[in-house]
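Okay, thanks for having me, everyone. Let me put the structure up on the screen and then I'll talk you through it.

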Amino acid sequence: MERSSGVLICAALFACTAAHAQDPSPQNAVPDLAALEQTVQKRHAEWESLAKDLSERMSRILPCDPRALAAVNEVSRASEARLAALADYFRAVSGKAFNETAAVRVLLNAEEKRAVEAGLERNDAGQEQTAAETQSDALAQSVKQRTSLEESKKLLDQIVAMIRQRAAAAEQHAGAADSAVPLLRDLVAKFEARDAALREEFAASEAERARWNGYYAARRTRAQLECTITQIGASQSKGKQ
Amino acid sequence: MKYSRFLLLVCFAAGLIGQTGRDAYRQAYDVWQQVQTNLERDAGTGGAAQVAQADKSGAAAASFEATRVAHLKSSAQDAEQRRRLLQNPATSFSPGLTPPAVEALAASELQTVTRTIARFATDKDRAIQQLRQSLERERVALAALSDTIQARQKTSEATAEATAALEQARIKTAAAFGDQASQLSQAITEMEIEGAAWADYYEKLAQAIQVANAPPPPVNITTNVPTAAPRNDSTPRVPLARYVGAWTYPTVNGMSHGAQPESVELEVHEQNGHADGSLLGRFKLSPGGTADPVVRFTFQGDFGATPTQKFTLVTSDGTPGILELIPGPAFNLLEVNFQTDPRTNKIRSGNFILVKK
């Protein structure tokens, strides 16, 4: 009964996955990690090419030249585009990772139930072995009365040997099921640790995104101030003349 | 016809073994144990009753083995699904997306701003002081940015470590599940061999009891031939219990070819290798059909040495025909095939599987 419910859960999970895969609505679309990764790389290259020589370019432009502020704005926009693409990628990776963890949790749940059932099956095999041995003992007595039963006795002995082997295999199988449960528990813990690490990395990445925006805002302010100072200086020089 | 008959049998057997849970095979096991109680003990002295018990035990054992194998197959499928789920590497964050160049760029900007601030440190000009304050704010922003980049790099390293540890655990667990799947596959093979062995055993046991109970052959005082009586050549090699008894068409999941029965009751009797009996059936008619849905006949004949037994039948209105009885895939199943001479508004043939009452 427990096993049946496990199977049902698995079936439901697979059904959901299948339905999910077939649903074309945007909120249910499976994210294409490779495409998102390519976008991040592209945005990064765009930003890096603008950012790496910003100071050098700015040094060759007069403070009030519109190109000065435009250059800062351009690199700021490229930075935000890069970090937004990275956030999209992070969200997609995290979503996929969390789904994996949920699936492994379901697996652990099913395996715990299966281990209990494997124990019961081991007992079943032991009971079947005892019953067959009893049959064999009884037939041994009957063979003394009817020699025609000898061939049947040989067959029954072979079956008893098979059941002994099966009981040993059931023992081994129950042992394997028992040992699989702690393995899966450990695996679930590892999945959860990975998820926690991903969450922290995403939070750190978002913090970095805010800092980059803060820096470019400060850089823009400086560019505007440089222009203002230059204009004040020029008007003061004209006044003196 | 043979192909359709084969399909009929396979589908019917599949229906019987459709249950896969442990409860199903335990139930079948309990039935088997009840049916075979004291059979081996009584085999030394028993007769026809023990032969019938051996036949029933064989059927019960076959039912148990079939449900057990179905259960094992279901378990093997589950194990295979688990193995597949663990086969794929876990999702990980691509490390190349936050290259070290980002940190280098921020550090370079910080150095430039810091140098510029130092250059204006002693300038008393008000405008330059304003610019220096602005640069100072920029330096603070860059310093904070550098800190967050380093913090983010640490979290990236932590994620990489967590993912590596996860991968190691996943590979180890997947290997354990791979072993489970192969163990179950082997168990299925062994169980199938065991099932065949039980069927063989019960048949041999029934034969051995029959041989012991057979009337002694006429004594030939001139020769020293062995006194053990061989089984009569005309006696079917398949135990008589596979044919003799009361049989019925199941109310659910009945299997038929051609005219579909609503109900069938069959009685088969045996005496000294001679069979007789009767069949009463009611068949479903196609919409608008005007034929008589009831088929009733008696039959008789001698049991032959082949599994398929052929008898002559006579319907209630005196039409002759042929009846075939064929042992089904399990001990409690019997395939029936009848055909009569043509009759107006009467069903003249039928093919279906009956279950022993």
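I'll go through the two chains in turn, then the contact between them, and finish on a single residue.

One thing up front: this is a predicted model, so please keep that in mind while you look at it.

Let's start with chain A. It has five helices and zero strands, so reading from the N terminus you just get α-α-α-α-α. The chain has 241 residues, and 32% of them are buried. Now look at the contacts within chain A between residues at least 6 apart in sequence: 85% of those join residues at least 24 apart.

Chain B is a mix: six helices and nine strands. Here we have 357 residues, with 37% counted as buried. If you take the contacts in chain B with a separation of 6 or more, residues 24 or more positions apart account for 63%.

Staying in chain B, have a look at helix H4, residues 48–87, and helix H6, residues 126–213. How are these two packed? The angle between H4(B) and H6(B) is about 170°, and their axes are 9 Å apart. Anything over 145 degrees counts as roughly antiparallel, and that's why we can call H4(B) roughly antiparallel to H6(B). As for what sits in that contact, the residues divide into 22 nonpolar, 11 polar and 11 charged.

Okay, on to where the chains meet. Chain B puts in 67 residues and chain A puts in 79. On the chain B side, the elements giving two or more residues are helix H2 (22–35), helix H3 (39–42), H4, helix H5 (100–119) and H6. And which of them gives the largest share? That's H6(B), with 45 residues. By type, the chain B side divides into 32 nonpolar, 18 polar and 17 charged.

Last stop, Ser205(A). You'll find Ser205(A) in helix H5 of chain A, which covers residues 150–240. Buried or exposed, what do you reckon for Ser205(A)? Buried: there are 23 other C-beta atoms within 10 Å of Ser205(A), and the cut-off for buried is 20 or more.

So who are the neighbours? Leaving out residues up to four places away in sequence, Ser205(A) touches Leu86(A), Ala87(A) and Phe90(A), plus Arg152(B) from the other chain. Take Leu86(A) as one of those: Leu86(A) and Ser205(A) are 119 residues apart along the chain, yet their C-alpha atoms are separated by 8.4 Å.

That's my tour, happy to rotate the view for anyone.

Terms used: Residues numbered from 1 in each chain as written. Chains lettered and ligands numbered in written order. Predicted model: local features only at pLDDT ≥ 70, side-chain atom pairs only at ≥ 80, totals over all residues. Helix = DSSP H or I, 4+ residues; strand = E, 2+ residues; numbered from the N terminus. Buried ≥ 20, exposed ≤ 12 C-beta atoms within 10 Å, placed from the backbone. Contact = placed C-beta atoms within 7 Å. Axes fitted to C-alpha atoms, helices over the stretch in contact; angles between N-to-C directions. Parallel < 35°, antiparallel > 145°, perpendicular 65-115°, else oblique. Nonpolar A, V, L, I, M, F, W, Y, C, P; charged D, E, K, R; others polar.
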